[in-house]
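Hi everyone, thanks for making time. I'd like to walk you through one structure today, so have a look at it on the screen first.

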Amino acid sequence: FTDEPRTEGDSAEYIEVVHHGSKASNPSNQASWSTFTYVPEKNGYIRTNSSGDYIDGNDPSGEPLIFTNVIVIRTGFKGSGEYVWEKNFMVNSSGAAEIFQNGKYVQGAWSRNKEPNCRLLLTERVNKKVRELQFQRGKSFIVITNEVTEVIIK
């Protein structure tokens, strides 16, 4: 973990995640869409979907949760339906990742061996160098999806 804010990367103050199931030609399910809006004074992202802002139902304040790390992990799915996956849904042992911190975006990657309790390793590519990702302190939201999900960055 780090307390140093991310300064490298492209601007990413608004992220939209659009799922299409197994094929890009499938219509998207708007109920599964998410947006993440960066709030500088909170140093994190607020997630919103068709139900509204993502909140902790046990928090009486009703304030939206703030995510300091938003990561999109790309993998293959093994399952019987468009949005239903078996317990071992990550059929790959590595893949691409998109990393969002402090209103910035960098390319990343993930890897793991296929042991049941192995560690998921996330790396980032910054200035042509690859290094292990340092998470910002706070909450993280990880989207596990396939290659056809659109991630729109503004």
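Before I say anything about sheets, here's what pairing means: two strands pair if DSSP finds at least two bridges between them. And strands themselves are DSSP runs of E with at least two residues, while helices are runs of H or I with at least four residues, both numbered from the N terminus.

A word on where this comes from: it's a predicted model, where local features need pLDDT of at least 70 and side-chain atom pairs count only at pLDDT 80 or more, while totals for chains, interfaces and linings use all residues. Residues are numbered from 1 along each chain as its sequence is written, and side-chain values use heavy atoms, with hydrogens and water left out.

Okay, the overall picture. How many helices and strands does the chain have? There are 0 helices and 12 strands. Of the 154 residues in the chain, 36% are buried, and by buried I mean under 20% relative accessible area, with exposed being over 50% and partly exposed in between, using a 1.4 Å probe and protein chains only. Contacts, meaning heavy atoms within 4.5 Å, reach along the sequence too: of those with a separation of 6 or more, 55% are between residues 24 or more positions apart.

Let's zoom in on the strands in the middle of the sequence. β6 and β7 pair in the antiparallel sense, over 5 bridges, and there you'll find I73 standing opposite A97 in β7. Then β7 pairs with β8, which is residues 104-111, again antiparallel, over 8 bridges. S94 stands opposite S111 in β8. The hairpin of β7 and β8 has 2 residues between the strands, and N102 in that hairpin takes a positive phi near 55 degrees.

While we're on β6, which covers residues 67-74, let's look at I71. Is I71 buried or exposed? I71 has a relative accessible area of 1%, so buried. Leaving aside neighbours within four places in sequence, I71 is in contact with a list of residues including A97, E98, L122 and F141. Take L122: I71 and L122 are 51 residues apart in sequence, yet 9.5 Å apart in space, C-alpha to C-alpha.

Now for the charges. A salt bridge here is a side-chain nitrogen of Lys or Arg within 4 Å of a carboxyl oxygen of Asp or Glu, and a search of the whole structure finds 7 of them. One of these joins D3 and R137, with the closest N and O atoms 2.7 Å apart. D3 lies in the segment before β1 and R137 in the loop between β10 and β11, so this pair ties together parts that are 134 residues apart in sequence. D3 is exposed, at a relative accessible area of 55%.

Next, E98 and R74 form a salt bridge, at 3.0 Å between the closest N and O atoms. E98 sits in strand β7 and R74 in strand β6, 24 residues apart, and both E98 and R74 are buried.

Then there's E124 with R131, meeting in a salt bridge at 2.6 Å, N to O. E124 counts as buried at 3% relative accessibility, whereas R131, at 37%, counts as partly exposed. These two belong to a network of salt bridges that links R6, E8, E124 and R131.

Last stop, the rings. Rings of Phe, Tyr and Trp (its six-membered ring) pair if their centres lie within 6.5 Å; planes under 30 degrees apart are stacked, over 60 edge-to-face, and the rest tilted. The structure holds 7 aromatic pairs. Among them, Y54 and F67 form a tilted one, 6.0 Å centre to centre with 40 degrees between the planes. Y54 is partly exposed at 35%, while F67 is buried at 4%. Ring pairs also link F36, Y54, F67 and F141 into a cluster.

Y54 has another partner: R47 lies over the face of Y54, at 4.9 Å from the ring centre. For that, CZ of Arg or NZ of Lys has to be within 6 Å of the ring centre and within 35 degrees of the ring normal.

And R47 brings us to S34, in strand β3, since that's the next thing on my list. The side chains of S34 and R47 are joined by a polar contact of 2.9 Å. A polar contact is a pair of N or O atoms within 3.5 Å; within protein, one must be able to donate a hydrogen and the other to accept it, and residues adjacent in sequence count only if both atoms are side-chain atoms. S34 counts as buried, at 5% relative accessibility.
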